[in-house]
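Hi,

Here is the structure you were waiting for, ready to open in your viewer. Have a look at it first, and then read on for what turned up.

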Amino acid sequence: MSGSLYPPLNGDGPTIAILSEYDALPEIGHACGHNVMAASGLGRPPCAGSAHPENPDAFKGTVKCIGTPAEEGSSSKEVSGGAFKPEDMDACIMVHAYGYNLADQVWLGRRVRNITFHGVVAHASSQPFMGRNALDAAAMAYQRLAVLRQQVPPSDRIHAIITKGGTRQSIITEEVEMKFYVHSKYPDTLKDLSRHVENVVKGAAQMTVCGIDIEWDYSPAPLGVRANDQLVSR
């Protein structure tokens, strides 16, 4: 979904792109306003009447709409087929739903990590000493990440869930899967935080004598948004 909303009114005018995000979160649907962001963007200047050719005060330039779907998980702005070429536009703006009005918001960079801990199955009652508990490794990793949050900057965030945690109480868990989001404002700090988090999960595997598989970033990692201060001030 992309293209010019209106033809250029003046060949010398600027080209402005309106970004239209639209996506939803699994199971709960829209949770942070993405269901209204595309419509809100198209209803704001320089769109709508302010850009229409019949308006005598119309914006003298070209307004483009660029759809960026699946923004929550697939970094569509970074894989949009070259839509953001500097020579094709002068500015990009968007409207994001929020709890109050502001012109500039800190948007953090993010990396995605999937972890699988591999243990050894055994009967949890008769021979627990014959097993290696992958759930113990996941529990230790989760708790250590909670402690790590005390030593990271306020702009860093770590989120984790256990998506596979065992099959039966009486069986030593052989395999556990976890998913992580690692957020930070700058590329360097995102790299540092990623290294800390990886050390945590590797340490949990070593302490429980479990194997571990680590998968980073199934799609390009989005970096923190860099705002145009001059555009924001205007």
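Let me start with histidine 183, which sits in strand S7, the stretch covering residues 175–184. Please keep in mind that this is a predicted model. Is histidine 183 buried or exposed? Its relative accessibility is 15%, and because the cut-off for buried is under 20%, histidine 183 counts as buried. Leaving out neighbours within four places in sequence, histidine 183 is in contact with Leu108, Gly109 and Arg110, with Ser155, Asp156, Arg157 and His159, and with Leu190 and Leu193.

Next, the sheet that S7 belongs to. Four strands make up an open sheet, in the order S6-S7-S5-S8, with antiparallel pairing. Its edge strands are S6 (157–164) and S8 (211–216), each of which pairs on one side only. From one strand to the next, the twist averages 20°.

Within this sheet, S7 and strand S5 (residues 109–118) run antiparallel and are joined by 10 bridges. If you would like one pair to look at, valine 112 has tyrosine 181 in S7 as its bridge partner.

Two helices go with these strands. Helix H2 (residues 134–148) packs on the sheet and touches S5, S6 and S7; the direction of H2 makes about 15° with that of S7. Helix H3 (residues 187–207) lies across S5, S6, S7 and S8, and runs at about 10° to S5.

There is another strand pair to show you. Strand S2 (residues 15–22) and S3 run parallel, with eight bridges joining them. Here alanine 17 stands opposite lysine 64 in S3. Why can S3 be described as largely enclosed by the rest of the structure? Strand S3 spans residues 62–69, and six of its eight residues are buried, so the description fits.

Finally, a loop residue. Leucine 223 lies in the loop between S8 and helix H4 (229–233). At 45% relative accessibility, leucine 223 counts as partly exposed, because that class falls between the 20% limit for buried and the 50% limit for exposed. Leucine 223 and leucine 108 are 115 residues apart along the chain, yet their C-alpha atoms are separated by 6.8 Å. Leucine 108 also appears among the contacts of histidine 183, which takes us back to where we began.

Happy to go through any of this with you at the screen.

Best wishes

Terms used:
Residues numbered from 1 in each chain as written. Predicted model: local features only at pLDDT ≥ 70, side-chain atom pairs only at ≥ 80, totals over all residues. Heavy atoms only, no water. Buried < 20%, exposed > 50% of the residue type's maximum accessible area, 1.4 Å probe, protein only. Contact = heavy atoms within 4.5 Å. Pairing = 2+ DSSP bridges. Axes fitted to C-alpha atoms, helices over the stretch in contact; angles between N-to-C directions.
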